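Please open the model in your viewer and keep the sequence panel beside it, since the stops below are given as selections to make one after another.

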Amino acid sequence: MTGMTSSARPLLNRRLAEFGTTIFAEMSALALQTGSINLGQGFPDTDGPEEVREAAVRALRDGRGNQYPPGPGVPELRTAVAAHQERRYGLAYDPDSEVLVTAGATEAIAAALLALVEPGDEVVALEPYYDSYAACIAMAGGTRVPVTLRPHFDGGARFRLDLDELRAAVTDRTRLLLINTPHNPTGTVLTREELTAIAELAVERDLLVITDEVYEHLVFDEAEHLPLATFPGMRERTVSIGSAGKTFSFTGWKVGWITAAPGLVSAVRSAKQFLTYVSSGPFQYAVAEALALPDSYFTAFRDDMLAKRDLLATGLAEAGFEVFKPAGTYFITTDIRPLGESDGFAFCRALPERAGVVAIPNAVFYDHREAGAPFVRFAFCKQTAVLQEAVKRLKS
Ligand SMILES: Cc1ncc(COP(=O)(O)O)c(C=O)c1O
């Protein structure tokens, strides 16, 4: 198959034509070919807690979740998600009507957009964005309206949301705001002031909000993760998305969830039931146990990532990059212009040969490619020795 039929009509439908292949596939292949250290894709190279793995084994052996689990997710996990939201944020959700388990955050994003967006609706999203947002908005027939996070250098390099730009992006056709905090790839954690403004805008213009908070437990220094649903007027209009992949380092299990008001959960479930219907049976039981781990687990996990962030950030700065030290997530965005480079694509394609390290050009996360051209993303969710070796290679 060549991608064309005899009538010369492309096989891939028009809505998805621009999303043919991802940079991740190309870069991972390059990593293999060149024996490079892959700091491109964001997955940990160490598995999560042993007791959580054991919980999955127990569930498998006990025959829990080996057949289709209930559509909304197993009650144990829905209860654990609700308890987690209550314990961490004081947000009370009813496990039966206000929690829905999904195949990772990826399915939560897809199902929420497919459920809530009509063709022609505009979806305002923070650019650069996680790559599935654009594809899912397109599948829903929506129009994406990017609001670009821009670099600022006062009091440390950081990407910031321009609230006037956000307000100006909302039109009479806007259906929802798609927010991500902590933000991949910039590492920005939206502040109380920014979230207050987003909430006020959503209430004023009567917008729905989808908020992707999969990095909620990876927040560093003075930054604080504030769920959008805790702001006035937001609980009833917000679909909040979480994932066990990032918090417990089991990205292959694909266990995610949404919390939202009953009407929103019911709408998202309508779309979700025809995507996967259900997934990850035994893992759902294990993640229920993981969410109940003591605070010490979450603190130790964050501290470990913080040390890794500092190792890689220092190394990248010493190698000559401008580093946007992330307040959250496990990604570091850098500016390559101090190295005399300006094209992140060309830089990332050459880096495996030059230095034996793979990174991702941030431009792939932008509609305004030029706005992202000089930025390159490195993941630091890797073993310390791997990061040390990467730093050594980058410096030489
Ligand atoms: C911002 C963001 N949302 C969602 C996901 C996907 O999460 P999951 O693996 O749970 O589908 C990722 C994974 O990298 C992400 O970075």
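Begin with the ligand in this predicted model, and select the 14 residues that surround it, of which the closest are Gly104, Ala105, Thr106, Ser243 and Gly245. If you colour this shell by class, you should find three nonpolar, nine polar and two charged residues. Next select residues 104-116, which form helix α4, the element that gives the most to the shell around the ligand, with three residues.

Now move to residues 384-395, which make up helix α14; these 12 residues reach 16 Å from the first C-alpha to the last, close to the 16 Å expected at 1.5 Å a residue. Within α14, show the side chains of Leu387, Ala390, Val391 and Leu394, which are buried. These residues lie on the same side of α14, because they cover an arc of only 100° around the axis. An α-helix has 3.6 residues a turn, so residues three or four places apart point the same way. To see what the buried residues of α14 pack against, add β1 (37-38), α11 (295-318), α12 (344-355) and β13 (357-358) to the selection.

Finally, display the whole protein as a cartoon, in which there are 14 helices and 15 strands. Its radius of gyration is 21 Å, close to the 21 Å that the globule rule gives for 396 residues, so the protein is as compact as a globular protein of that length. The C-alpha trace spans about 55 × 55 × 50 Å along its principal axes, and buried residues make up 48% of the 396 residues. Among contacts with a separation of 6 or more, 72% are between residues 24 or more positions apart.

Conventions
Residues are numbered from 1 along each chain as its sequence is written. This is a predicted model: local features need pLDDT of at least 70, side-chain atom pairs count only at pLDDT 80 or more; totals for chains, interfaces and linings use all residues. Helices (H or I, at least four residues) and strands (E, at least two) are DSSP runs, numbered from the N terminus. The expected span of a helix is 1.5 Å times one less than its number of residues. A residue is buried if 20 or more other C-beta atoms lie within 10 Å of its own, exposed if 12 or fewer, and partly exposed in between; C-beta atoms are placed from the backbone. The arc is that of the directions from the helix axis to the C-beta atoms. Two residues are in contact if their C-beta atoms, placed from the backbone, lie within 7 Å. A residue is near a molecule or strand if its C-beta atom, placed from the backbone, lies within 6 Å of it. Ala, Val, Leu, Ile, Met, Phe, Trp, Tyr, Cys and Pro count as nonpolar, Asp, Glu, Lys and Arg as charged, and the others, Gly among them, as polar. The radius of gyration is taken over C-alpha atoms; the globule rule is 2.2 Å times the number of residues to the power 0.38.
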